[in-house]
Amino acid sequence: MLGVLVINYRTAAATRACLETLLQEIDSSSFRVFLLDNGSGSDDVSQLTDFVASHASTITFVISKNNLGFAAGTNRLLTEAFNDSKVDRILLLNSDTRCKPHLIAAMQSRLDAANKIDMMAARMLDEIDDSVD
């Protein structure tokens with residue numbers, strides 16, 4: 001199962017848009033989102049709590065009262081993800097990511113342990129003109 005990690009820090013609207021495009025891309029039985037609010041404050045937490053409530057079977061929401069920083073926040077989510085025995089792959093997304101159609105399937109199809117392809121990165125494109133960002 002794919003564990004998708006997303007860290008929010010004062011970008012609730014962008015994070016929500018990221019999650020909306022992600023949820024359109026993936027079969028809910030084959031992934032789990034691990035979302036961290038990294039000390040943003042009550043407004044972001046409230047907005048994200050409302051969104052997560054409608055996707056509770058798919059999203060694990062972790063709230064940190066303090067900003068842990070990106071690295072420690074990522075480690076916190078990795079701990080959550082690896083505590084789920086079904087998670088065997090990780091995808092880390094910035095909170096301002098917008099998944100293009102078929103992105104997740106295309107990335108997963110390239111993973112190949114037999115050929116030692118265990119890690120990959122997506123190309124970041126400008127959302128207006130698709131130039132490399």
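Glu20 counts as partly exposed, at 36% relative accessibility, where partly exposed is the range between buried, under 20% relative accessible area, and exposed, over 50%, taken with a 1.4 Å probe and protein chains only. The model is predicted, so local features need pLDDT of at least 70 and side-chain atom pairs count only at pLDDT 80 or more, whereas totals for chains, interfaces and linings use all residues. Residues are numbered from 1 along each chain as its sequence is written, and side-chain values use heavy atoms, with hydrogens and water left out.

Glu20 forms a salt bridge with Arg16, and the closest N and O atoms of the two are 3.5 Å apart; a salt bridge here is a side-chain nitrogen of Lys or Arg within 4 Å of a carboxyl oxygen of Asp or Glu. Because Arg16 and Glu20 are 4 residues apart in helix 1, about one helical turn separates them; helices (H or I, at least four residues) and strands (E, at least two) are DSSP runs numbered from the N terminus. Arg16, like its partner, is partly exposed, with a relative accessible area of 36%.

The whole structure holds 3 salt bridges. In another of them Glu80 is joined to Arg76, with the closest N and O atoms 2.8 Å apart, and these two residues are again separated by about one helical turn, because they are 4 residues apart in helix 3 (residues 70-82). Glu80 is partly exposed, with a relative accessible area of 23%, and Arg76 is partly exposed at 33% relative accessibility. A further salt bridge links Arg89 with Asp88, where the closest N and O atoms are 3.0 Å apart; Arg89 is partly exposed, with a relative accessible area of 27%, while Asp88 counts as exposed at 55%.

From these charged pairs we can turn to the sheet. The strands form an open sheet of 4 strands in the order 3-2-1-4, with parallel pairing, two strands being paired if DSSP finds at least two bridges between them. Strand 3 (59-64) and strand 4 stand at the edges, and each has a single partner strand, so one side of each is left without a neighbour in the sheet. Neighbouring strands of this sheet are turned by 20° against each other on average, direction ignored; the axes behind such angles are lines fitted to C-alpha atoms, for helices over the stretch in contact, and angles run from 0 to 180 degrees between N-to-C directions. Strand 1 and strand 2 run parallel and are joined by 7 bridges, and within strand 2 it is Leu36 that serves as the bridge partner of Ile7. Helix 2 lies across strand 1, strand 2 and strand 3, and runs at about 165° to strand 3.

The packing of side chains follows from here. The largest nonpolar core has 21 residues, of which Val4, Leu19, Leu22 and Leu93 touch the most other members; a nonpolar core is a set of buried Ala, Val, Leu, Ile, Met, Phe, Trp, Tyr and Cys residues joined through side-chain atoms within 4.5 Å. Two or more residues of this core come from each of strand 1 (2-8), helix 1 (12-25), strand 2 (31-38), helix 2 (42-53), strand 4 (89-93) and helix 4 (103-110). Helix 1 gives the most, with 5 residues. Another core, of 8 residues, lies apart from this one and has among its members Ile7, Leu36, Val62 and Leu77.

Leaving aside neighbours within four places in sequence, Leu19 is in contact with Val6, Val33, Leu35, Phe51 and Ile59, contact meaning heavy atoms within 4.5 Å. Thr21, also placed in helix 1, counts as buried at 18% relative accessibility, and, with the same sequence neighbours left out, Thr21 is in contact with Thr97, Arg98 and Cys99.

Cys99 itself counts as buried at 9% relative accessibility, and Cys18 counts as buried at 0%. The sulfur of Cys18 is 5.9 Å from the closest cysteine sulfur, in Cys99, which is too far for a bond. A disulfide is a pair of cysteine sulfur atoms within 2.5 Å, and by this rule the count comes to 0 disulfides.
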